[in-house]
Amino acid sequence: MTEGFHPRRGGGVVATFSGFEADLLRSLASQLIELLRNEAAVPHAEADPLEALLDFTGPTTAPEDPVLARLFPTAYPQDEEAAGEFRRFTETELRGGKAGNAAAVIDVLEEAGLPGDLEGEALVIDVELDHGGAMQWMKSMTDMRLALASRLDITEGDEDYWDSLPDDDARVHVHDIYDWLGFLQESLVRAVAP
């Protein structure tokens with residue numbers, strides 16, 4: 001099991017992952033990208049670059065999916081019109097940024113040696129990140145944790161509830177992944193801190 005991220009001599013950070021761990025991170029990042037691109041705020045890839053820069057036709061209502069609603073909260077809950085205008089001008093770009101960060105996680109894992117199909121290999125890979133890459137990973141792990149917290153309905157101070165669930169409850173395993181991402185994120189924050 002990974003020991004998390006550590007500072008690297010000469011700058012940046014490094015972490016060693018088993019093949020299973022790396023594949024899990026890739027799967028979570030892929031699912032996040034799929035979710036981000038599954039509603040109306042997805043940028044149109046075929047649009048002319050200039051038109052895309054001038055396109056402010058983003059969504060004006062909150063996403064229906066609870067995970068997306070958590071990732072893109074309403075900016076002005078007391079003012080529906082202002083909230084809609086804010087969302088129209090920001091959500092498409094925010095989605096693109098979050099999807100880009102998740103794609104960077106996948107790219108780094110695959111460039112480090114994670115094969116497309118793992119098939120039980122006893123693989124160990126080292127991931128090295130510069131400061132910019134570390135920031136992308138931090139942002140993406142935050143999004144992954146928010147997504148899992150929304151799906152599991154995790155709330156602050158509910159640790160006793162999760163500890164009381166039997167081991168054969170499927171939610172326990174997902175909660176373990178949520179905790180593991182928190183461990184990775186915390187180790188990354190410590191590793192990049194001056």
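**Fold, surface charge and salt bridges in a predicted model**

The chain is built from 7 helices and 3 strands. These elements belong to a predicted model, and along the sequence they run in the order β-β-α-α-α-α-β-α-α-α. Two strands thus open the pattern, and the remaining strand sits between a run of four helices and a run of three. Of the 194 residues in the chain, 39% are buried. Sequence-distant contacts feature heavily: taking contacts between residues at least 6 apart in sequence, 74% join residues at least 24 apart. As for the outside, the chain exposes about 11,600 Å², and 52% of that area comes from carbon and sulfur atoms.

On to the charges on that surface. A patch of negative charge brings together E156, E159, D160, D163, D167, D168, D176 and D179. Two helices, α6 (residues 159-164) and α7 (residues 170-192), each put at least two residues into this patch. Of the contributing elements, α6 gives the most, with 3 residues. One of the patch members, D179, is carried by helix α7. D179 is partly exposed because its relative accessibility is 40%, a value that lies between the 20% limit for buried and the 50% limit for exposed.

Helix α7 also carries F183, an aromatic residue that is partly exposed at a relative accessible area of 32%. F183 pairs up with the other end of the numbering: its C-alpha atom is 9.6 Å from that of F5, although 178 residues separate the two along the chain. Once neighbours within four places in sequence are set aside, the contacts of F183 are with T2, E3 and G4. So for this residue in α7, the contact partners come from the start of the chain, and heavy atoms within 4.5 Å are what qualifies them.

Salt bridges come next. The whole structure holds 10 of them. In one, D143 joins K98, with the closest N and O atoms 2.9 Å apart. Since D143 lies in helix α5 (residues 131-152) and K98 in helix α4 (residues 80-111), this pair ties together parts of the chain that are 45 residues apart in sequence. Both partners, D143 and K98, are buried.

A second pair, D169 and R171, has its closest N and O atoms 2.7 Å apart. Here the two partners fall into separate accessibility classes. D169 is buried because its relative accessible area, 16%, is under the 20% cut-off. R171, on the other hand, counts as partly exposed at 33% relative accessibility.

Helix α7 turns up again with a salt bridge of its own, in which the side chains of R190 and E186 meet at 3.1 Å, N to O. The two residues are 4 apart in helix α7, so about one helical turn separates R190 from E186. R190 is exposed, with a relative accessible area of 52%, whereas E186 at 47% is partly exposed. The 50% cut-off falls between these two values, which is why the partners end up with separate labels. Beyond these pairs, salt bridges also link D23, R26 and E110 into a network.

A couple of local details round off the picture. The backbone at D153 has a positive phi of about 60°, even though this residue is not a glycine. That is worth a remark because most residues other than glycine have a negative phi. As for where D153 sits, its place is in the loop between α5 and α6. D153 is exposed, with a relative accessible area of 59%.

Lastly, there is F89, a phenylalanine placed in helix α4, the helix that also holds K98. At 40% relative accessibility, F89 is partly exposed. Its C-alpha atom is 8.4 Å from that of P59, and the two residues are 30 apart along the chain.

Methods:
Residues numbered from 1 in each chain as written. Predicted model: local features only at pLDDT ≥ 70, side-chain atom pairs only at ≥ 80, totals over all residues. Heavy atoms only, no water. Buried < 20%, exposed > 50% of the residue type's maximum accessible area, 1.4 Å probe, protein only. Areas by Shrake-Rupley, 256 points an atom, 1.4 Å probe, with all protein chains shown as cover. Patch = residues over 30% accessible without salt bridge, like charges linked within 9 Å, V, L, I, M, F, W, Y side chains within 5 Å. Salt bridge = Lys/Arg side-chain N within 4 Å of Asp/Glu carboxyl O. Lys, Arg positive; Asp, Glu negative; His and termini not counted. Charge placed at Lys NZ, Arg CZ, Asp CG, Glu CD.
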